[in-house]
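Please look through the model below with me before you read my comments. I have written them as separate points, so that each can be checked by eye.

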Amino acid sequence: MAKKPTPHHYADKLTFDRIMLLIATLVNHPGIGHSDTETSDSKYHDALLEVQSQLQKIAAEFSIEFPENYPATPTIRKDLETLRRYGILDKRMYRFGYYLGTGAMTREELLFAFQAIASQAKYQGNPQARQICEKLTKLLRGLDIELKGQLFYPVREHLNRAIIYTDPVEMLDRQEYRNTLFHKLDIVETAIVRGQAIELYRQSDYYGKGKVGFRRIWPLQLIYHDIAWYLICESCDSGHLSVERVNRFTDCCEIIDAEGRGIAVQEQRLKIAQKLLKNGWGLFLGNPEQQQAELGGTLKLEKVKVRFFEKVVGFILEGDRRHPRQKIKEGPRDSFGKVAYVDYQIDLPDRSLNEFSLWVNRYMDSAQVLSPPSLVEKHRQAARDLVDRYSL
């Protein structure tokens, strides 16, 4: 005798429509149920009320008639458990909004993210970004057609281009192999998130400080600045924090601490490095002694003052967020109301004076260093050397 079939929980039309519309709600409104404000015990935020409201709106859009106040939030909670059971939702807490799988973005957010990835792939030579961009370009071709080309149009691009080869695939295609750390960035990135120490070999020393050879470090973060990729790292021997050009290391990269020190320590050390970056000018974080004094609050900052003249006054005034400690003071105006000069003032650690000087040099004859005396003399001597060079 044949076994009598067991009716499925979602066999009738009402419950089937409900579960389908719930899925549609989560697909079209990723993050639904998220609260922008932190809730306290006295003010409970029920994320399911937002899910319920949006589900009812979608039902109305598709002319699906539900009973009044249907479905109730306990019913939605039961449906969410069903989606977890079938792997449509992950088996974890969704405290910050519901979304399916990795679909955590709206269409508008996807547009923005795709353009950011495409720009990084094109100009910063990020091989991972290139691979993701190529895959998304194929998968989203239909959406781009629907949007009449708007998806792939580069509305925003970050034009700072890497001046060295960064993509191993591009090196292979162009037969321009470079024996650099870019071939082992997957190891570096894994070490970053696991807090693992690695051993690298530095092959270049353009500053004449003898920093060539094997180094043991904790990598903290990969950053792109101006023309190249850099690695923020911490010395395993001394705890000294520094920022290093990725291409100045070879592809010799080995994890020497499989257990790792954990992401919490990584975040703590990265915050300290970022504090140093914010406090200074440029990427040089100082030698160990300077760094220790600066972090201990015993380092006296240099009072720097530069006067910029008429041709570049507008550009200097325009940059009102170059540094959080900067002060810009306008000089006198002529009979036409034009500012004759502006004084740019900032307190900097001594470690940053060289990089600050390079920025000032961009303005050539339109800039005059007024303090400190050491920087005044350095700028004056640079001007003399330039005159001598053109006098040959």
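The points that follow deal with backbone geometry and one surface patch.

1. Please keep in mind throughout that this is a predicted model, and that the angles and areas quoted here are computed from it.

2. As background for the next points, most residues other than glycine have a negative phi, and most peptide bonds are trans.

3. A cis peptide bond, with omega of about -5 degrees, joins Tyr 70 to Pro 71, and Pro 71 belongs to the loop that runs between helix H2 (47–61) and helix H3 (73–85).

4. That loop between H2 and H3 also holds Ser 63, a residue other than glycine whose phi is positive, near 55 degrees. Is Ser 63 buried or exposed? Its relative accessibility is 66%, and because residues over 50% are classed as exposed, Ser 63 counts as exposed.

5. A cis peptide bond is also found between Ser 371 and Pro 372, where omega is about 0 degrees; Pro 372 sits in the loop between E9 and helix H13 (373–391).

6. Met 364 deserves a look for its backbone, since this residue, although not a glycine, has a positive phi near 45 degrees. You will find Met 364 in the loop that connects helix H12 (353–361) and strand E9 (367–371).

7. Which residues make the nonpolar surface patch of about 370 Å²? Met 364 appears again here, together with Leu 386 and Tyr 390, so please view these three side chains together when you turn the model.

Methods: Residues are numbered from 1 along each chain as its sequence is written. This is a predicted model: local features need pLDDT of at least 70, side-chain atom pairs count only at pLDDT 80 or more; totals for chains, interfaces and linings use all residues. Side-chain values use heavy atoms; hydrogens and water are left out. Patches are made of residues with over 30% relative accessible area and no salt bridge: like charges are joined within 9 Å, nonpolar side chains (Val, Leu, Ile, Met, Phe, Trp, Tyr) within 5 Å. Accessible areas come from the Shrake-Rupley method with a 1.4 Å probe; for residues, only the protein chains shown count as cover. A salt bridge is a side-chain nitrogen of Lys or Arg within 4 Å of a carboxyl oxygen of Asp or Glu. Helices (H or I, at least four residues) and strands (E, at least two) are DSSP runs, numbered from the N terminus. Buried means under 20% relative accessible area, exposed over 50%, partly exposed in between (1.4 Å probe, protein chains only).
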